[in-house]
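User: Got a minute to go through this structure with me? I'd like the packing and the aromatics.
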Amino acid sequence: MPDSKRYAEDESECTVVLERYNTVLDELFAGADVYVITPLWTTEAEVPPSQAVTGYWQSLLVEDDPDPAFRTYCHLFVARRPWRRGCIDDLLRDIADDKVAGVLITDTRLLRIHHPYDGGADVFLATSEERDRVRDRHADWLSRHPLSL
């Protein structure tokens with residue numbers, strides 16, 4: 001957001017957030033298929049029955065506490081889709097509003113990864129040269145915070 005603002009307060013600011021997400025996603029994935037990886041955290045090792053058939057990929061034990069009540073699992077779901085600008089706007093809006101977290105959008109070879117979150121996005125690229133080009137193209141979008149937060 002402009003002025004390193006974290007959350008959109010109205011529809012015009014939300015439009016700015018979606019425009020920025022989609023601009024970078026277009027630069028990374030236009031004309032290609034992407035994987036949209038969505039996590040679901042639970043205290044149960046089993047995938048919740050309501051989620052079992054919607055792109056389930058794998059489950060990870062994240063916190064192996066001796067007390068089962070404090071164990072944490074991350075169940076990962078993957079959808080492959082052709083990238084089109086706006087095709088995941090509902091999900092991106094939920095991410096920007098901090099309703100969903102931990103989503104990754106990646107090419108099918110896992111060479112480029114876009115990790116949107118409330119307040120911004122991290123972009124992981126195959127080379128430092130590509131990273132620098134993307135950073136420089138959008139330098140005016142970067143945080144002004146001394147630690148780039």
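Analyst: Here are the core, one surface patch and the aromatic rings, in that order; the model is predicted.

User: Which residues of the largest nonpolar core touch the most other members?
Analyst: Y21, L25, F29, W83, I88, L92 and I105. The core has 20 residues.

User: And which elements give two or more residues to this core?
Analyst: Helix α1 (11-29), strand β1 (33-42) and helix α2 (89-96). The most come from α1, which gives eight residues.

User: What is Y21 in contact with, leaving aside its neighbours within four places in sequence?
Analyst: L92, I95, A96, H114, P116, Y117, G120 and A121.

User: Switching to the surface. Which residues make the nonpolar patch?
Analyst: W41, L60 and V62 make a patch of about 290 Å². W41 is in strand β1.

User: Is W41 buried or exposed?
Analyst: Neither. W41 has 46% relative accessibility, so it counts as partly exposed.

User: OK, aromatics. How many pairs in the whole structure?
Analyst: One. Y56 and F77 form it, edge-to-face. The centres are 5.9 Å apart, with 70 degrees between the planes.

User: Where do the two rings sit in the chain?
Analyst: Y56 is in strand β2 (residues 56-63) and F77 is in strand β3 (residues 72-82). They are 21 residues apart, so the pair links distant parts of the chain.

User: Which of those is buried, and which partly exposed?
Analyst: F77 is buried, at 8% relative accessibility. Y56 is partly exposed, at 36%.

Terms used: Residues are numbered from 1 along each chain as its sequence is written. This is a predicted model: local features need pLDDT of at least 70, side-chain atom pairs count only at pLDDT 80 or more; totals for chains, interfaces and linings use all residues. Side-chain values use heavy atoms; hydrogens and water are left out. A nonpolar core is a set of buried Ala, Val, Leu, Ile, Met, Phe, Trp, Tyr and Cys residues joined through side-chain atoms within 4.5 Å. Buried means under 20% relative accessible area, exposed over 50%, partly exposed in between (1.4 Å probe, protein chains only). Helices (H or I, at least four residues) and strands (E, at least two) are DSSP runs, numbered from the N terminus. Contact means heavy atoms within 4.5 Å. Patches are made of residues with over 30% relative accessible area and no salt bridge: like charges are joined within 9 Å, nonpolar side chains (Val, Leu, Ile, Met, Phe, Trp, Tyr) within 5 Å. Accessible areas come from the Shrake-Rupley method with a 1.4 Å probe; for residues, only the protein chains shown count as cover. A salt bridge is a side-chain nitrogen of Lys or Arg within 4 Å of a carboxyl oxygen of Asp or Glu. Rings of Phe, Tyr and Trp (its six-membered ring) pair if their centres lie within 6.5 Å; planes under 30 degrees apart count as stacked, over 60 as edge-to-face and the rest as tilted.
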